[in-house]
Amino acid sequence: MAMRNWWAEAHVDGHKSLVTFGPKGKDGGFLLDIYQRSEGKSFLACRIEGSSDGENLILSVDTFNEKGEC
């Protein structure tokens, strides 16, 4: 199967089909933010970024607490 430099598939409760995505360009990247609820408020819990420096693919994953701290 031909694939771009990044491809993501998400299985989400209550959805019959996969949520899928990838960049349109062969050198493209992505940024995925995942939010979580705590005590009635939402906060950024995780950020996943896929990028390229021209030679290497770089995948970074940062997690945060409800105060915004890594």
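Is Arg47 buried, partly exposed or exposed? Arg47 turns out to be partly exposed, with a relative accessible area of 28%; here buried means under 20% relative accessible area, exposed over 50%, and partly exposed in between (1.4 Å probe, protein chains only).

A word on the ground rules. The model is predicted, so to speak of local features a pLDDT of at least 70 is needed and side-chain atom pairs count only at pLDDT 80 or more, while totals for chains, interfaces and linings use all residues. Residues are numbered from 1 along each chain as its sequence is written, and side-chain values use heavy atoms, with hydrogens and water left out. As for confidence, pLDDT is the predictor's own score for each residue, from 0 to 100. The protein has a mean pLDDT of 90, with 96% of its residues at 70 or more. Among the elements, β5 comes out highest with a mean of 96 and β2 lowest with 91.

Now for the sheet. Strands here are DSSP runs (E, at least two residues; helices would be H or I, at least four), numbered from the N terminus, and two strands pair if DSSP finds at least two bridges between them. An open sheet is built from 3 strands in the order β3-β4-β5, with antiparallel pairing. Its edge strands are β3 and β5, each of which pairs on one side only. Neighbouring strands are turned by 15° against each other on average, direction ignored; the axes behind this angle are lines fitted to C-alpha atoms (for helices, over the stretch in contact), and angles run from 0 to 180 degrees between N-to-C directions.

Going pair by pair, β3 and β4 run antiparallel over 9 bridges. Leu32 sits opposite Ile48 of β4. The hairpin of these two strands leaves 2 residues between them, and Glu39 takes a positive phi near 55° there. On the other side, β4 and β5 (residues 57–63) pair in the antiparallel sense over 7 bridges, with Gly50 opposite Leu59 in β5. The β4 and β5 hairpin has 4 residues between the strands, and in it Gly54 takes a positive phi near 100°.

Back to Arg47. The search of the whole structure turns up 1 salt bridge, a term that covers a side-chain nitrogen of Lys or Arg within 4 Å of a carboxyl oxygen of Asp or Glu. The partners are Asp33 and Arg47, whose side chains meet at 2.6 Å, N to O. Asp33 belongs to strand β3 (residues 30–38) and Arg47 to strand β4 (residues 41–52), so the pair ties together parts that are 14 residues apart in sequence. The two are also matched in the sheet, as Arg47 is the bridge partner of Asp33 in β4. Asp33 is partly exposed too, with a relative accessible area of 26%. Towards β5, Arg47 stands opposite Asp62.

The aromatic side chains come next. A pair of rings is described by the distance of the centres and the angle of the planes. Rings of Phe, Tyr and Trp (its six-membered ring) pair if their centres lie within 6.5 Å; planes under 30 degrees apart count as stacked, over 60 as edge-to-face and the rest as tilted. The whole structure holds 2 aromatic pairs. In one, Trp6 and Phe30 meet edge-to-face, 5.6 Å centre to centre with 70° between the planes. Trp6 lies in the segment before β1 (8–10) and Phe30 in strand β3, so this pair ties together parts that are 24 residues apart in sequence. Both Trp6 and Phe30 are buried. Phe21 and Phe30 also pair edge-to-face, at 5.9 Å centre to centre and 65° between the planes. Phe21 is partly exposed at 29% relative accessibility, whereas Phe30 is buried at 18%. Trp6, Phe21 and Phe30 thus make up one aromatic cluster.

Lastly, Lys26 is placed in the loop between β2 (19–21) and β3. Lys26 is exposed, with a relative accessible area of 62%. Neighbours within four places in sequence aside, Lys26 is in contact (heavy atoms within 4.5 Å) with Arg4 and Asn5. Lys26 and Arg4 are 22 residues apart in sequence, yet 5.7 Å apart in space, C-alpha to C-alpha.
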